[in-house]
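Please walk through this protein chain with me. Start with the terms, then follow the strands.

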Amino acid sequence: MTEIPEDEVTAPWWDATRERRLTVQRCARCGLAQLPPRVLCTGCGSRASRLEPVDGRGVVDSYTVIHRAADPAAEAPYTVARVRLAEGPILLTALVGTPEPRCDLPVTLAWRPLPDGRALPVFTTEE
């Protein structure tokens, strides 16, 4: 797997993944929740935000099954899904342990460990 960089904006988010906590960035001015963390709110342009935990439940609103991985280290086939979290933000992520993905599928958070102690949020079915 290739190295996943972090910077001063995303470092606190990555730190939370070390504890297996999924967080979203919430704008202090307009209340918009967004992922990934950014310098500016995409709703109002404010720089004032905070990270807050989310429960890790969502719904698949789109997906694709990759049969030929671009990364030779990745095992194909695998499913990439667009998951809309219950709190609103959309996360592009892996869908694991789901033999028959579909839109409107309820999913819940799982974690894929990274070699440096961080973890990637992935999702699996609640069914």
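Two strands count as paired if DSSP finds at least two bridges between them. Helices (H or I, at least four residues) and strands (E, at least two) are DSSP runs, numbered from the N terminus.

This is a predicted model, in which local features need pLDDT of at least 70, side-chain atom pairs count only at pLDDT 80 or more, and totals for chains, interfaces and linings use all residues. Residues are numbered from 1 along each chain as its sequence is written, and side-chain values use heavy atoms, with hydrogens and water left out.

Begin with the whole. The protein chain holds 1 helix and 8 strands. Along the sequence the pattern is α-β-β-β-β-β-β-β-β. The C-alpha atoms fill a box of roughly 40 × 30 × 25 Å, taken along the principal axes. The radius of gyration is 15 Å, which agrees with the value near 14 Å for a compact globule of 127 residues. That radius is taken over C-alpha atoms, and the globule rule is 2.2 Å times the number of residues to the power 0.38.

Next, the surface and the interior. The accessible surface of the protein chain comes to about 7500 Å², and 52% of it belongs to carbon and sulfur atoms. Such areas come from the Shrake-Rupley method with a 1.4 Å probe; for residues, only the protein chains shown count as cover. Of the 127 residues, 35% count as buried. Buried means under 20% relative accessible area, exposed over 50%, and partly exposed in between (1.4 Å probe, protein chains only). Among contacts with a separation of 6 or more, 48% come from residues 24 or more positions apart. A contact means heavy atoms within 4.5 Å.

Now the helix. Helix 1 spans residues 11-18, and its buried residues are Ala 11, Trp 13, Trp 14, Ala 16 and Thr 17. What do the buried residues of helix 1 pack against? They pack against strand 1, strand 3, strand 7 (106-113) and strand 8 (119-125). Arg 20 follows helix 1 and has a positive phi, near 55°.

Then comes a sheet. It is open, has 3 strands in the order 2-1-3, and pairs antiparallel. Its edge strands are strand 2 (33-34) and strand 3 (49-53), each pairing on one side only. Strand 1 (residues 23-27) pairs with strand 2 in the antiparallel sense over 2 bridges. There, Arg 26 has Ala 33 of strand 2 as its bridge partner.

Move on to strand 4, residues 57-66. It runs antiparallel to strand 7, and 3 bridges join the two. Arg 57 has Thr 108 in strand 7 as its bridge partner. Strand 4 also runs antiparallel to strand 5 (residues 78-85), joined by 8 bridges. In strand 5, Ala 81 is the bridge partner of Tyr 63, and Arg 84 is the bridge partner of Val 59.

Strand 5 has two faces. Thr 79, Ala 81, Val 83 and Leu 85 point to one face and are buried. Tyr 78, Val 80, Arg 82 and Arg 84 point to the other and are not.

Strand 5 also pairs with strand 6 (residues 90-95), antiparallel, over 6 bridges. Val 83 has Leu 91 of strand 6 as its bridge partner. Arg 84 stands opposite Ile 90 in strand 6. The hairpin of strand 5 and strand 6 has 4 residues between the strands, and Gly 88 there takes a positive phi near 115°.

Finish with one residue. Ala 94 lies in strand 6. Is Ala 94 buried or exposed? Ala 94 counts as buried because its relative accessibility is 17%. Leaving aside neighbours within four places in sequence, Ala 94 is in contact with Thr 79, Arg 112, Val 122 and Phe 123. Ala 94 and Val 59 are 35 residues apart in sequence and 13 Å apart in space, C-alpha to C-alpha.
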